[in-house]
Amino acid sequence: MDVPAVAGHDVQLLHPGMPKAASTWLQNVFFAGHPQLAVLGPEDAHRDLSRRFLALVARLTFGSDLQDPAPVTAELAALARELAARRPGAQLLGLSHEGLLGEWPAPRNSRFLADTLARAFPAAKVLIVVREQRSALVSAWREYVRMGGTLALPRFLWDPAAGGAPLVHPFETAVLGCVLYAPLVRAWQDAFGADRVRVMAMEHLQREPAAFTRELCRWLGVDEWQPAPQQANAQLSGPALALLRVANHLFHTRQHVRYGCKPIARLLQWCRPRRADADPLLQNPWYERARIGDIAQRWLAKRLLPRCDRLGLKALDRRRDLFAHLPAAGRRHLESRFAADNRELRTLVAWDPVHWGYLVE
């Protein structure tokens, strides 16, 4: 069904979310709460819209070289208008998803996505939020474990089986691509124009949340609005993460491919009641076991262990600086790459990365 645009507007805001850089907070708190915004995200309250949105983003990101992207962007615009029609008072339509930045971790297809979205929505503004690279890498590893990964931080960063073959340098795997910001910012500025791309630091939000949201509202051209203080996508404590890493060996996930016996998934599969109207996809027993294992792992990571943290497990956390304990040679290489990237980033943004603790020298 074709839904008319709100006040004659099309998509006016694009948020290609950086991994672990306040994307969930922006989507579920700021965008969802501001009465003048209709920004569609992956966890939108309107589940019928978010499911279609996720499928379209996947088509755009993963099948970019095999299809005409124009119908996909047209469907994205229609979804945004449909969301706006359900939100009385919405004045600005937008799309927010980490997949719009490119496929993690490189991220792949980044310039294609920027150019494609610029052709589809040439008048849109682009919001990019970055995070200090050392903190971002550690947080990305924590999320990797929470999503089913089993590797320790050094191996997550540098094992070719996890991060891609290091073709340029022994410590240069694809994982590093998600925290080198200057090339990504330059690609979006080339596509939309530097005046339409706003780059903000997550550290600004952490230290001065009122000033961050005030600046963001002013740039978007909407009324100032301050959400109640709340944390989105809270991380597990160190002890809970260690327990989860061990438990993840039992499950088949995208982060831990398991070809052998899957005892938990088999047991849950055997216990499931059989219905005549069962999903045809579940007639594939291997797919069903993978899906059951994924759901069980998510329950452990997002329900049970967070509850254990709240009951006192978090008190055992030693709060070590994980980046500082990386092997010296690899750590020095990363720091030199971050400093070079931040020196270039400083020429592209309106703030000094040094002010927020980014390495430059």
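**Helix α3 and the five-stranded sheet**

Helix α3, formed by residues 69-85, lies across strands β1, β2 and β3 and runs at about 120 degrees to β3. The model described here is a predicted one. From its first C-alpha to its last, α3 reaches 25 Å over its 17 residues, which is close to the 24 Å expected at 1.5 Å a residue. At the N-terminal end of α3, D68 acts as a cap, with a side-chain oxygen placed 3.1 Å from the backbone nitrogen of A70.

The helix is mostly covered, since twelve of the 17 residues in α3 are buried. Among them are V72, L76, L79 and L83, together with the charged-type residues R81 and E82. The cover over the buried residues of α3 includes strands β1, β2 and β3 as well as helices α2 (47-62) and α4 (110-120).

The sheet beneath this description is open and has five strands in the order β2-β3-β1-β4-β5, with parallel pairing. Its edge strands are β2 (37-40) and β5 (197-201), each of which pairs on one side only. From one strand to the next, the twist averages 20 degrees. Within the sheet, β1 (residues 11-16) and β3 (residues 92-97) run parallel and are joined by five bridges. One residue pair can be located directly: P16 has H97 in β3 as its bridge partner. Helix α1 (residues 23-33) also packs on the sheet, where it touches β1, β2, β3 and β4 (125-130), and its direction makes about 145 degrees with that of β1.

The loop between α2 and α3 contains Q67. Leaving aside residues up to four places away in sequence, Q67 touches R59, L60 and V72. Of these, V72 is one of the buried residues of α3. Q67 itself has a relative accessible area of 26%; because this value falls between the 20% limit for buried and the 50% limit for exposed, the residue is classed as partly exposed. The C-alpha atoms of Q67 and F171 are separated by 35 Å, and the two residues lie 104 residues apart along the chain.

Two cysteines may be considered last. C178 has a relative accessibility of 6% and therefore counts as buried, as this is under the 20% cut-off. C217 is likewise buried, because its relative accessibility is 1%. The structure holds zero disulfides.

Note on methods. Residues numbered from 1 in each chain as written. Predicted model: local features only at pLDDT ≥ 70, side-chain atom pairs only at ≥ 80, totals over all residues. Heavy atoms only, no water. Pairing = 2+ DSSP bridges. Helix = DSSP H or I, 4+ residues; strand = E, 2+ residues; numbered from the N terminus. Axes fitted to C-alpha atoms, helices over the stretch in contact; angles between N-to-C directions. Contact = heavy atoms within 4.5 Å. Expected span 1.5 Å × (residues − 1). Buried < 20%, exposed > 50% of the residue type's maximum accessible area, 1.4 Å probe, protein only. Polar contact = N/O pair within 3.5 Å; in protein donor to acceptor, adjacent residues only side chain to side chain. Disulfide = S-S within 2.5 Å.
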